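Open the model in your viewer and keep the selection panel at hand. This tour goes stop by stop.

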Amino acid sequence: MQAEHKAVARQSLLFSSMPEEDAEMLLSTAHVSEYERGQTIFLQGETATAIFIVISGWAKLYRIAPSGTEAVVGVFTQGRSFGEAVAFQGDVYPVSAEAVTSLKLMRIETDAYLRRIRETPEAALSLLSSTFRHLHSLVAQIEALKARTSAQRVAEFLCELSNAEEGACEVVLPYDKILIAGRLGMKPESLSRAFAKLKAEGVQIKQNRANIDDIEHLRTYSEEDPAQAWAR
C-alpha cells in the first residue's frame with residue numbers, strides 16, 4: 001500500500017475520525033486495483049463482501065430498470081467511499097458499479113472492518129458518518145428532482161465542480177454528457193436545452209469545459225424559487 005493511497009483513504013469519512021492505530025491496521029489489509037473506463041467493479045445482485053474508496057478517477061453506481069433504462073444513483077471521485085451499508089448487512093449490492101474514467105479503487109474486505117468494529121467503537125462511528133452522508137446525498141437528489149428546474153440542477157452541478165467563491169471561473173466536466181444527464185435525472189437532449197438556457201446566466205459550454213462569468217450569480221440562480229427560474 002503506497003503512502004499516497006493511504007493519505008487519500010484517511011481523508012474519507014470512513015477513516016477521517018478513526019484513531020490512527022485502527023486506521024493503519026485496517027488499511028494494511030486493503031489493496032488497490034486499477035480499472036479501465038467502462039470496466040465493471042461489481043454487478044447488481046452480487047453478494048456484498050467489500051467496501052470501496054476512490055483513490056483517483058470516477059466511478060458510478062447505477063441500476064437497470066425492467067425497461068432497460070439505466071438510472072444513475074451516484075457518481076464518486078477521490079476520497080469518496082461506497083458499498084458500506086449493504087456490505088455490513090451481508091446483503092447483495094442493490095446497484096452495479098462501473099469505472100467512468102481510468103480508476104484506482106481501494107477495496108477493504110467487510111470481515112476485516114467488522115472485526116475492528118467489535119474491538120473499537122470509533123470504527124462504528126466512522127461507518128455511521130459515511131452512511132449518513134450517502135443518505136443526505138440521496139435526499140438532496142430527490143429534492144433537486146422535485147423542486148428545481150433542469151437548468152437549475154445543471155447550474156448547481158457546475159457550482160459543485162468549482163472551487164471559486166466569486167467572479168469568473170472555468171470548470172472541467174469530469175465525465176461525458178450522457179452520464180451527467182443521467183446523474184441529474186434528465187435525458188441528454190434535456191441537458192443540451194439546459195446548457196442553452198444557462199447562456200443567459202453567463203455560462204458557455206465548449207466541449208468538456210464550462211466558462212462561467214460569475215459563479216456567485218450562478219449559485220444564486222441554482223437556489224432561487226423555481227417559479228422565477230421558469231419565468232426566465
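What follows is a walk through salt bridges, a charged patch and a few single residues of this predicted model.

**Salt bridges**

A search of the whole structure finds 7 salt bridges. Three of the pairs come up here, starting with K6 and E24.

Select K6 and E24. Their closest N and O atoms are 3.2 Å apart, and they form a salt bridge. K6 sits in helix α1 (residues 3-11) and E24 in helix α3 (residues 20-27), so the pair ties together parts 18 residues apart in sequence. K6 is partly exposed, with a relative accessible area of 23%. E24 is also partly exposed, at 30%.

Next, select D176 and R37. This salt bridge has its closest N and O atoms 3.1 Å apart. It links distant parts of the chain, 139 residues apart: D176 is in the loop between β9 (169-172) and α8 (177-183), and R37 is in the loop between β1 (31-35) and β2 (40-42). D176 is partly exposed at 33% relative accessible area, whereas R37 is exposed at 58%.

Now go to K60 and E70. Their salt bridge brings the closest N and O atoms to 2.8 Å. K60 belongs to strand β4 (residues 59-64) and E70 to strand β5 (residues 70-76), 10 residues apart. K60 counts as buried, at 8% relative accessibility. E70 counts as partly exposed, at 37%. Add E98 to the selection: K60, E70 and E98 are linked in a network of salt bridges.

**A buried acid**

Which side chain of opposite charge is nearest to E84? Select E84 in helix α4 (residues 84-87). The answer is R80, 7.8 Å away; E84 is buried yet has no salt bridge. A salt bridge needs the side-chain nitrogen within 4 Å of a carboxyl oxygen. Show S81 as well: its side chain makes a polar contact with the side chain of E84 (2.4 Å).

**A negative patch**

Select E165, E166, D213, D214 and E216. Together they form a negative surface patch. Within it, D214 lies in the loop between β11 (209-212) and α10 (215-223). D214 is partly exposed, with a relative accessible area of 32%.

**Two strand residues**

Select I108, in strand β8 (residues 103-109). I108 counts as buried, at 0% relative accessibility. Its C-alpha atom is 7.0 Å from that of T29, although I108 and T29 are 79 residues apart along the chain.

Finish at K206, in strand β10 (residues 203-206). K206 counts as exposed, at 54% relative accessibility. Add V172: the C-alpha atoms of K206 and V172 are separated by 9.8 Å, with their positions 34 residues apart along the chain.

Note on methods: Residues are numbered from 1 along each chain as its sequence is written. This is a predicted model: local features need pLDDT of at least 70, side-chain atom pairs count only at pLDDT 80 or more; totals for chains, interfaces and linings use all residues. Side-chain values use heavy atoms; hydrogens and water are left out. Patches are made of residues with over 30% relative accessible area and no salt bridge: like charges are joined within 9 Å, nonpolar side chains (Val, Leu, Ile, Met, Phe, Trp, Tyr) within 5 Å. Accessible areas come from the Shrake-Rupley method with a 1.4 Å probe; for residues, only the protein chains shown count as cover. Lys and Arg count as positive and Asp and Glu as negative; His and the chain ends are not counted. The place of a charge is taken as NZ of Lys, CZ of Arg, CG of Asp or CD of Glu. Helices (H or I, at least four residues) and strands (E, at least two) are DSSP runs, numbered from the N terminus. Buried means under 20% relative accessible area, exposed over 50%, partly exposed in between (1.4 Å probe, protein chains only). A polar contact is a pair of N or O atoms within 3.5 Å; within protein, one must be able to donate a hydrogen and the other to accept it, and residues adjacent in sequence count only if both atoms are side-chain atoms.
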